[in-house]
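Subject: Structure handover

Hi,

Here is the structure I promised to pass on. Have a look at it first, and then read my notes underneath.

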Amino acid sequence: MGYVQEARENHVKKKVEEALRSKMKQKALKECDYYTSKYAECASGRTLSVVWKCRQQAKDLNACLHQFTNDGVLEEMKKDYMLQHGGEGSARI
């Protein structure tokens, strides 16, 4: 399957894509709750020193979030959406 054909099949309207991105971010935050709390615990009571004192916790959190918020995940969500809604990009989520 060519790139143009694949792009057409996964095309959804802007509002739908924004809603899918929002769902993707919500899921990522839920899945990475452990790392979020570790970072928040480290950052509590700090101001500028959070940058170097919590560097490892920030890296761990970002690595976890990236697993759930990347282009591949978004494309899969678009495919699922298109399958559920019969290719109609304007349907509601």
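Below is what I found, going from the overall fold to the helix pairs and then to single residues.

Please keep in mind that this is a predicted model. The protein has six helices and zero strands, so along the sequence the pattern simply reads α-α-α-α-α-α. Of its 93 residues, 23% count as buried. About 7,100 Å² is exposed, and carbon and sulfur atoms supply 51% of that area. Among contacts with a separation of 6 or more, 67% join residues 24 or more positions apart.

On to the inside. In soluble globular proteins, nonpolar side chains tend to be buried together. Here, the largest nonpolar core has eight residues: Val12, Val16, Leu20, Met24, Leu74, Met77, Tyr81 and Met82. Two elements, α2 (14-31) and α6 (71-84), each give two or more residues to this core, and α6 has the largest share with four. There is also a second, separate core of five residues, which includes Ala28, Cys32, Leu61 and Cys64.

Now the helix pairs, starting with the two that feed the largest core. The axes of α2 and α6 are 10 Å apart, and the helices pack at an angle of about 120°. That angle makes α2 oblique to α6, and the crossing is right-handed. On the α2 side, the residues that meet α6 are Val16, Glu17, Leu20, Arg21, Lys23 and Met24; their partners in α6 are Val73, Leu74, Met77, Lys78 and Tyr81.

α2 also packs against α5 (residues 55-68): their axes come within 9 Å and cross at roughly 135°. These two are therefore oblique as well, again with a right-handed crossing. Met24, Ala28, Leu29 and Glu31 of α2 meet Cys64, Leu65 and Phe68 of α5. Met24 is worth clicking on, as it meets α5 here and is also listed among the α2 residues that meet α6.

What does α5 do with α3 (residues 33-43)? Their axes come within 9 Å and cross at roughly 155°. Since angles over 145 degrees count as roughly antiparallel, that is how α3 and α5 are classed. α3 passes α5 in a left-handed crossing. Tyr35, Thr36, Lys38, Tyr39 and Cys42 of α3 make the contact with Gln57, Ala58, Asp60, Leu61 and Cys64 of α5. Cys64 turns up in the contact with α2 too, and both Leu61 and Cys64 belong to the second core.

Finally, two charged residues to look at. Is Glu17, in helix α2, buried or exposed? Its relative accessibility is 17%, and buried means under 20%, so Glu17 counts as buried. Leaving aside neighbours within four places in sequence, Glu17 is in contact with Val12, Leu74 and Lys78. Of those, Val12 and Leu74 are members of the largest core.

Lys59 sits in helix α5. With a relative accessible area of 51%, Lys59 is exposed. Its C-alpha atom is 9.4 Å from that of Tyr39, although the two residues are 20 apart along the chain. Tyr39 is one of the α3 residues in the contact with α5.

Cheers

Key: Residues are numbered from 1 along each chain as its sequence is written. This is a predicted model: local features need pLDDT of at least 70, side-chain atom pairs count only at pLDDT 80 or more; totals for chains, interfaces and linings use all residues. Side-chain values use heavy atoms; hydrogens and water are left out. A nonpolar core is a set of buried Ala, Val, Leu, Ile, Met, Phe, Trp, Tyr and Cys residues joined through side-chain atoms within 4.5 Å. Buried means under 20% relative accessible area, exposed over 50%, partly exposed in between (1.4 Å probe, protein chains only). Contact means heavy atoms within 4.5 Å. Accessible areas come from the Shrake-Rupley method with a 1.4 Å probe; for residues, only the protein chains shown count as cover. Axes are lines fitted to C-alpha atoms, for helices over the stretch in contact, and angles run from 0 to 180 degrees between N-to-C directions. Angles under 35 degrees count as roughly parallel, over 145 as roughly antiparallel, 65 to 115 as roughly perpendicular and the rest as oblique. A crossing is left-handed if the near helix is turned anticlockwise from the far one by less than a right angle, and right-handed if clockwise.
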